[in-house]
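Colleague: I have a new model open and would like to check the reasoning behind its labels. Could you go through them with me?

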Amino acid sequence: MTAVLLILAGVSLLVPVRACPAAVPDRVEKSEEEWKALLTPEQFQVTRLKGTEPPFSGKYLDFHEKGIYACVCCGAELFSSRDKFDSGSGWPSFTAALEHAPITEKRDFSYGMIRTEVLCARCDAHLGHLFSDGPPPTGMRYCINSASLLFHPEPR
């Protein structure tokens with residue numbers, strides 16, 4: 001992971017930025033109409049229009065099954081239940097992405113804030129945001145919308 005130095009109003013911030021893989025071999029691209037036909041209205045609003053589900057409303061917030069969380073748009077595996085924790089933020093939170101998850105991070109200056117947007121590099125779905133206030137061992141908090149995820153249970 002690389003870092004970017006931001007200097008705003010005389011304050012320096014060193015923020016991590018995970019670069020998009022140079023080439024995503026199985027890239028998924030669809031028209032807006034195709035995405036609308038594939039996704040629920042909430043999933044479309046969150047993933048394609050960079051929306052956010054209301055806090056404490058997502059189906060994976062208080063969900064404790066073991067398995068893998070994947071992108072609702074393209075099925076790419078992104079997070080493990082082993083890295084999920086209760087952040088109290090109102091959204092499912094993870095300390096890390098899977099090692100080879102096709103995730104890219106982008107600076108987000110919307111709403112007067114400086115945040116790191118988390119996107120699926122395979123299909124450009126908006127997943128949520130990354131913050132540096134998570135627990136050990138990473139200190140990171142991937143704050144992810146349930147509407148952007150599918151869950152695949154661990155085989156028993």
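Modeller: Happily; the turns below go from the overall fold to the strands and then to a pocket. Please keep in mind that this is a predicted model.

Colleague: Which helices and strands are there, and in what pattern along the sequence?

Modeller: The protein has two helices and eleven strands. Along the sequence they follow β-β-α-α-β-β-β-β-β-β-β-β-β. Buried residues account for 47% of the 156 residues, and the accessible surface is about 8700 Å², with 56% of it on carbon and sulfur atoms.

Colleague: Why is strand 7 called largely enclosed?

Modeller: A residue counts as buried under 20% relative accessible area. In strand 7, residues 103-108, five of the six residues are buried, so the strand is largely enclosed by the rest of the structure. The argument carries over to strand 9, residues 126-131: five of its six residues are buried, so it too is largely enclosed.

Colleague: How do you know that strand 7 and strand 8 pair?

Modeller: Pairing takes at least two bridges between two strands. Strand 7 and strand 8 (residues 115-120) have six bridges, in the antiparallel sense, so they pair by that cut-off. As an example, Arg107 stands opposite Thr116 in strand 8. The two strands form a hairpin with six residues between them, and Tyr111 in the turn has a positive phi of about 60 degrees.

Colleague: What joins strand 8 to strand 9?

Modeller: Four bridges join them, and the strands run antiparallel; with at least two required, they therefore count as paired. Glu117 has His129 in strand 9 as its bridge partner. Five residues lie between the strands of this hairpin, where Asp124 takes a positive phi near 65 degrees.

Colleague: And which residues of strand 10 take part with strand 9?

Modeller: One of them is Ile144, the bridge partner of Gly128. Strand 9 and strand 10 (residues 141-144) pair in the antiparallel sense over four bridges.

Colleague: What makes a residue part of the lining of the second largest pocket?

Modeller: A lining residue has an atom within 4 Å of a pocket point. Leu61, Asp62, Phe63, His64, Glu65, Tyr69, Ser81, Lys84, Phe85 and Asp86 line this pocket, so each of them meets that cut-off. The second largest pocket has a volume of about 150 Å³.

Colleague: How many of its lining residues are nonpolar, polar and charged?

Modeller: Four are nonpolar, two polar and four charged. Tyr counts as nonpolar, so Tyr69 belongs to the nonpolar class.

Notes:
Residues are numbered from 1 along each chain as its sequence is written. This is a predicted model: local features need pLDDT of at least 70, side-chain atom pairs count only at pLDDT 80 or more; totals for chains, interfaces and linings use all residues. Side-chain values use heavy atoms; hydrogens and water are left out. Buried means under 20% relative accessible area, exposed over 50%, partly exposed in between (1.4 Å probe, protein chains only). On a 1 Å grid over the protein atoms alone, a cavity is a set of points where a 1.4 Å probe fits but cannot get out, and a pocket is an open set with protein on both sides within 12 Å along at least five of seven lines; lining residues have an atom within 4 Å of a point. Grid points are joined across faces, edges and corners, and a volume is the space filled by probe spheres set on the points. Accessible areas come from the Shrake-Rupley method with a 1.4 Å probe; for residues, only the protein chains shown count as cover.
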